[in-house]
Amino acid sequence: MILTNVESLPGKVIVEHYGLVQGSSIRAKHVGRDMMAGLKNIVGGELKGYTELLQESRAQATERMKTQAEALGANAVINVRYSTSSVAQGAAEILCYGTAVRVE
Amino acid sequence: MGEVFVALIDYLPLLLLVLAYLTGRFVERRHYRSIKRRENETLSQALITSEVLESDRVVRSAELAVGSVVVSVDYFKRVLGAFRNIFGGEVRSYASVLDRGKREALLRLKESHPDADVFLNCRLQTAALLNQQGRGSGSVEVVAYATAVTFGK
């Protein structure tokens, strides 16, 4: 499964379109991470706990999109987009969507 | 002893402010040094916002690359920002934090595909993280993604 965020797949030819596929994941941060982040918030800098949390979440959303594309018989997803939104009270939704295609 | 303790409690916000200023400045300088060094190392990898690849070289592989980072604004800068809120205008203390976030995300994007020659259709997006009360907590996630293209040798 190849993903790109352009309308084609450079070096390959698209032979069939299967339409929109999407995957999403909503995660909440746990209390331990939250307390560490609270302390880190005083001195500033990167909050590694949150970076990892959101990366895991993004990977899961991408994986769900891939599963959906595979079920359709696609071998690539083009024009992939991500969006993040904070759903109240310390939870974030990550959405990933794209167009499933077959390439040769 | 008791008096010292009481005085310490009285001046705690001020102490925190000074501590945040010193550590925040240290963290920021160290981060900028690291960013500048890594930017020089990855100069040969081009970031492009257009979707079209204007090259007749043979493409060996093309795949999605993502880089992300969560950066937070230190306590001192948040206080500066709150003052700025009274008079309005550009919040310069936040600008450097977001600048660091964006450059770090782009660097991680490049470092995730060290062999790639060109990154097509580069996108940057930011999302504010909310605290338990549903307000902005002063930390921001910056995500950069692009299509990493490697040319055949």
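**Entry 1: two oblique helices in chain B**

I started with H3(B) and H4(B), which are oblique to each other. This is a predicted model, so I kept that in mind throughout. For the pair I looked up the numbers: the axes of H3(B), residues 75-87, and H4(B), residues 92-112, come within 8 Å and cross at roughly 135 degrees. That angle is over 115 degrees and not over 145, so the pair falls in the oblique class.

Next I asked myself which residues of H3(B) meet H4(B). I found B:Lys77, B:Leu80 and B:Gly81 on the H3(B) side, facing B:Ser93, B:Tyr94 and B:Val97 on the H4(B) side. By class, this contact holds three nonpolar, two polar and one charged residues.

**Entry 2: B:Ser93**

I stayed with B:Ser93, which lies in helix H4 of chain B. Is B:Ser93 buried or exposed? I got an in-between result: B:Ser93 has 18 C-beta neighbours inside 10 Å, so it counts as partly exposed. Being buried would take 20 or more.

Leaving out residues up to four places away in sequence, I see B:Ser93 touching B:Lys77, B:Leu80 and B:Gly81. I also checked B:Arg25, which is 68 residues from B:Ser93 in sequence and 11 Å from it in space, C-alpha to C-alpha.

**Entry 3: the other partner of H3(B)**

I then turned to H2(B), residues 12-41, whose axis comes within 7 Å of that of H3(B) and crosses it at roughly 110 degrees. An angle between 65 and 115 degrees counts as roughly perpendicular, and H2(B) and H3(B) are therefore put in that class.

From H2(B) I noted B:Leu16, B:Leu17, B:Ala20, B:Tyr21 and B:Gly24, and from H3(B) the residues B:Tyr75, B:Phe76, B:Lys77 and B:Val79. I sorted this contact into seven nonpolar, one polar and one charged residues. B:Lys77 appears here and also in the contact of H3(B) with H4(B).

**Entry 4: the nonpolar core**

How many residues does the largest nonpolar core have? I read 49, and those with the most contacts inside it are A:Val77, B:Ala65, B:Leu109, B:Phe119, B:Ala144, B:Tyr145 and B:Ala146. Several elements give two or more residues to this core: H2, E4 and E5 of chain A, and E2, H4, E3 and E4 of chain B. I noted E4(B) as the source of the largest share, eight residues.

I picked B:Leu109 for a closer look. Setting aside neighbours within four places in sequence, I find B:Leu109 in contact with B:Ala65, B:Val66, B:Gly67, B:Phe119, B:Ala144, B:Tyr145 and B:Ala146. As background, nonpolar side chains tend to be buried together in soluble globular proteins.

**Entry 5: where the chains meet**

I looked up the contact between the chains: 30 residues of chain A are in contact with 40 residues of chain B. On the chain A side, E1, H1, E3, H2 and E4 each supply at least two residues. By class, I have 13 nonpolar, 13 polar and four charged residues on that side.

A strand pairing also crosses between the chains: two bridges join E3(A), residues 45-46, to E2(B), and these strands run antiparallel. I located A:Gly45 opposite B:Ser72, and the partner of A:Glu46 is B:Val71. E2(B), residues 59-72, is mostly covered, with 10 of its 14 residues buried.

**Entry 6: the sheet of chain A**

Which order do the strands of the open sheet in chain A have? I traced E1-E4-E5-E2, four strands with mixed pairing. The edges are E1(A) and E2(A), each of which pairs on one side only. E1(A) and E4(A) run parallel and are joined by two bridges, and I saw A:Leu3 opposite A:Val77 in E4(A). H2(A) packs on this sheet, touching E2, E4 and E5 of chain A, and its direction makes about 145 degrees with that of E2(A).

**Entry 7: B:Val58**

My final look-up was B:Val58, in the loop between E1 and E2 of chain B. B:Val58 counts as exposed because it has 9 C-beta neighbours inside 10 Å, and the exposed class takes 12 or fewer. Leaving aside neighbours within four places in sequence, I find B:Val58 in contact with B:Phe151 and B:Gly152. B:Val58 and B:Phe151 are 93 residues apart along the chain, with their C-alpha atoms separated by 5.7 Å.

Notes:
Residues are numbered from 1 along each chain as its sequence is written. Chains are lettered from A and ligands numbered from 1 in the order in which they are written. This is a predicted model: local features need pLDDT of at least 70, side-chain atom pairs count only at pLDDT 80 or more; totals for chains, interfaces and linings use all residues. Two strands pair if DSSP finds at least two bridges between them. Axes are lines fitted to C-alpha atoms, for helices over the stretch in contact, and angles run from 0 to 180 degrees between N-to-C directions. Angles under 35 degrees count as roughly parallel, over 145 as roughly antiparallel, 65 to 115 as roughly perpendicular and the rest as oblique. Two residues are in contact if their C-beta atoms, placed from the backbone, lie within 7 Å. Ala, Val, Leu, Ile, Met, Phe, Trp, Tyr, Cys and Pro count as nonpolar, Asp, Glu, Lys and Arg as charged, and the others, Gly among them, as polar. A nonpolar core is a set of buried Ala, Val, Leu, Ile, Met, Phe, Trp, Tyr and Cys residues joined through C-beta atoms within 7 Å.
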